[in-house]
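Reader: Hi! Could you walk me through this one?
Author: Happy to, here is the picture to start from.
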Amino acid sequence: MIAELGHFAIVLALAVSFVQGTLPLVGAQRGIEALSAIARPAAIMQFLLLILAFVALTMAFVGSDFSVLNVWQNSHTDKPLLYKISGVWGNHEGSLLLWVVILAAFGFGVATMGNNLPPSLRTRVIAIQGLIGVGFLLLLVFLSNPFERVFPVPSQGTGLNPLLQDPGLAFHPPFLYLGYVGFSIAFSFAVAALIEGKVDAAWARWVRPWTLAAWTALTVGIAMGSWWAYYELGWGGWWFWDPVENASFMPWLLGTALLHSAIVVEKRDALKTWTVLLAILTFSFSLLGTFIVRSGVLNSVHSFATDPERGVYILAFLVVAIGGSLALYAWRAPSLKSGGVFAPVSREGALVLNNLLLIAATATVFIGTMYPLFLDAITGEKVTVGPPFFNATFVPLMVPLIMVMAIGPMMPWKRADLAGTLSRMKVAAALTVIVALLTLYFSGFDPILAVLGMALGVWLVAGAAVDIGERTRLFRIPLRDALRRAANLPRSAWGGAIAHAGMGVAILGMTGTLSWEVEHLQIMRPGDRIVVAGYEVEFRGVAPVTGPNYDAVRGTFHVFRNGELMEIMEPETRRFTDPPMVTTEASIRPRNFGDLYAVVGEANGDGGFATRIYHKPMIVWLWIGSLMMTLGGLVSLTDRRLRVGAPRRPKASPAPELQPQQQAT
Amino acid sequence: MKPKRRRLFFVITGMAALGLAVALTLAAFDDNLVFFSSPTDVYAKGMAPDQRFRLGGLVEEESVAKTDDGLTTTFRVTDLANAVPVSYTGILPDLFREGQGVVTEGRLSPEGVFVADSVLAKHDENYLPPEVAEALKKSGKWKGGTP
């Protein structure tokens with residue numbers, strides 16, 4: 001019964017989205033008020049219907065209703081409640097339902113919070129959002145229906161892939177989707193603006209918070225996925241340049257570019273057509289990512305089912321959506337008037353450079369990801385493009401980007417004095433040189449990359465600190481006044497500085513683990529001791545363990561430092577029966593911002609076990625840096641200027657005590 | 001700066017950035033593409049000793065053995081027409097076993113042993129890597145349905 005209710009809800013939602021995507025467009029074009037007025041109630045209705053469907057599917061999962069095909073294929077009565085719920089989106093159909101729910105939620109957001117938008121723009125944005133909804137709901141209802149029944153009703157489910165039964169992964173897809181799908185709003189705004197023929201500062205002020213929210217969610221999603229790979233896959237890697245990872249990374253790169261170019265539109269009324277194009281491209285890459293992951297052209301833990309029909313449908317939708325919006329762009333963009341003029345060396349210039357480098361970097365990731373597919377399709381030859389390719393292409397493009405990233409925020413708009421800006425970075429530069437020399441002195445096997453990475457990380461963190469110091473005139477005016485200035489700084493300035501510093505911190509973490517990681521692989525018998533990066537690790541033996549839905553072999557290690565017991569580590573090898581799979585649970589202990597990482601492998605039949613022990617210095621900084629980037633996005637979102645629905649602050653009242661270049665934050 | 005000159009400046013920087021990306025990509029393609037070969041391909045094409053490639057097929061029944069250090073595993077990868085001996089030092093994936101599909105990456109030693117530095121066996125008992133399925137089809141030994 002509940003499944004039928006859900007089924008009915010998605011069919012109705014499809015009908016509503018069809019209305020939402022067509023009539024209001026006509027209304028806005030012809031000025032027919034009655035048709036335009038449909039947009040908001042339709043968007044609200046669509047959201048409520050899809051929420052209903054989502055709740056229905058969740059109830060089917062929680063209640064283990066195996067008469068629903070999807071539940072039977074992906075759930076099991078023995079599964080803990082959390083994974084019954086996360087099982088809702090741990091499969092193709094359910095994740096697609098989550099996708100449309102989030103899509104509708106963003107349309108709902110514009111419908112309910114967009115009171116100060118120009119009415120015609122709001123109507124068109126909601127309509128475009130409705131059209132995207134049509135595309136995905138068609139796929140959901142006709143090719144991926146999560147409410148399909150199975151008869152006769154099986155008595156037990158087949159279970160969820162044990163690798164996905166993990167708290168970190170339970171919330172990875174929702175965040176990733178919030179990011180992916182969030183860019184749909186920027187896309188809808190861009191297309192609506194093209195139809196209207198008008199892009200101005202107010203438009204950018206509206207696009208920014210949505211883009212920022214999507215970017216922040218995507219950052220969390222990617223970081224969670226990386227963290228999951230780190231501790232769950234048992235190889236201690238955190239980024240593999242796997243096509244599926246790249247599929248989420250490309251929209252992130254473009255979204256980052258969009259975030260920055262939208263600032264220029266808002267502040268300087270320049271780069272308008274470029275920003276519109278970026279908004280279209282960013283969402284196009286989200287769609288492309290969906291295609292890569294969902295079509296089954298690639299095999300990975302992410303591709304649940306290979307169904308050529310779905311792949312063909314998504315590809316066709318991709319062509320219509322991307323091709324249509326780009327054609328509209330080619331037709332309408334020339335009519336958008338360009339505004340503010342600026343010199344190459346200026347804040348705008350730095351942001352343009354940021355955009356160009358991010359685009360170039362995205363292009364290299366795109367080629368590396370798609371080339372094997374193209375080659376296979378054309379010649380039938382199978383190739384792999386692995387990490388060395390990306391290290392040789394992506395990383396060199398990031399180096400100049402990060403160098404500029406530290407000084408860009410300190411440049412004034414319109415025209416900057418490069419020497420003057422650089423002179424304010426003296427302290428940061430000195431710090432960078434000191435760290436580089438220290439690294440050179442202590443560095444391990446690959447000094448050039450280690451020195452470069454450490455220097456860039458420090459440069460970025462110090463640059464963000466100098467930026468805030470300059471804005472608050474710290475140490476040059478009494479501390480109290482500086483603190484007052486700090487409190488009065490726009491939140492977006494704080495957010496930007498925190499996010500930039502977070503990137504620097506993450507770079508330090510990446511560099512540290514890549515340069516100074518220690519790996520020990522050996523056979524150990526109970527009582528054997530080895531020394532890993534100054535820690536003495538003693539193997540105590542293994543014992544069988546029974547979990548809720550698996551059996552495991554648990555190894556025990558005692559870790560000593562200077563003869564003193566510091567840690568007890570207990571990695572496991574788990575054997576699941578539904579579905580039959582084996583997973584490796586690494587034991588990870590953070591110590592001084594580095595991790596000790598232990599894995600126990602197979603027995604050698606002679607009382608010994610293969611064991612692998614890593615020391616991963618500084619890895620914790622990678623996670624802290626990701627958190628800082630997220631925090632930066634959140635802080636920036638609370639900026640009064642960006643707050644969704646906040647009344648516009650009158651322009652004529654700038655805070656009198658601010659310097660000209662600080663005013664232009 | 002006049003709008004026209006400004007545009008020229010951006011076009012030039014844009015070209016420079018994309019040019020750099022293209023140059024890096026082409027340079028990286030030269031050394032970093034890893035091709036997939038079946039055991040039959042290895043004998044048919046004759047691999048250069050320093051050529052890095054992926055070797056995939058089934059782990060031959062009764063071919064898996066441990067060397068004395070306990071960490072190096074030797075086995076044979078077969079497409080049921082030909083087989084190539086492989087040696088790998090390290091912990092094998094959880095689902096590595098005889099008769100299962102496997103993809104290994106490494107180089108061929110002068111003695112004709114494929115020295116793998118990574119072994120990929122997917123975390124699913126029924127899963128056969130698509131490359132392996134295709135290699136089996138090519139060698140005419142395919143007996144399953146669709147992969």
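Author: Two residues are in contact if their C-beta atoms, placed from the backbone, lie within 7 Å. This is a predicted model, in which local features need pLDDT of at least 70 and side-chain atom pairs count only at pLDDT 80 or more, while totals for chains, interfaces and linings use all residues. Residues are numbered from 1 along each chain as its sequence is written, and chains are lettered from A in the order in which they are written.
Reader: Cool! How many residues of chain A are in contact with chain B?
Author: 40 residues of chain A are, and they meet 33 residues of chain B.
Reader: And which element gives the most to that side of chain A?
Author: That is α14(A), with 8 residues. Helices (H or I, at least four residues) and strands (E, at least two) are DSSP runs, numbered from the N terminus.
Reader: Which strand of chain B does β1(A) pair with?
Author: β1(A) pairs with β1 (residues 33-37) of chain B, antiparallel, over 3 bridges. Strands pair if DSSP finds at least two bridges between them. In β1(B), B:L33 is the bridge partner of A:V385.
Reader: New topic: what is the strand order in the open sheet of 4 strands?
Author: In chain A the order is β2-β11-β10-β9, with antiparallel pairing. β2 and β9 (587-591) of chain A each have a single partner strand, so one side of each is left without a neighbour in the sheet.
Reader: How many bridges join β10(A) to β11(A)?
Author: There are 7, and the two strands run antiparallel. A:A598 stands opposite A:I613 in β11(A).
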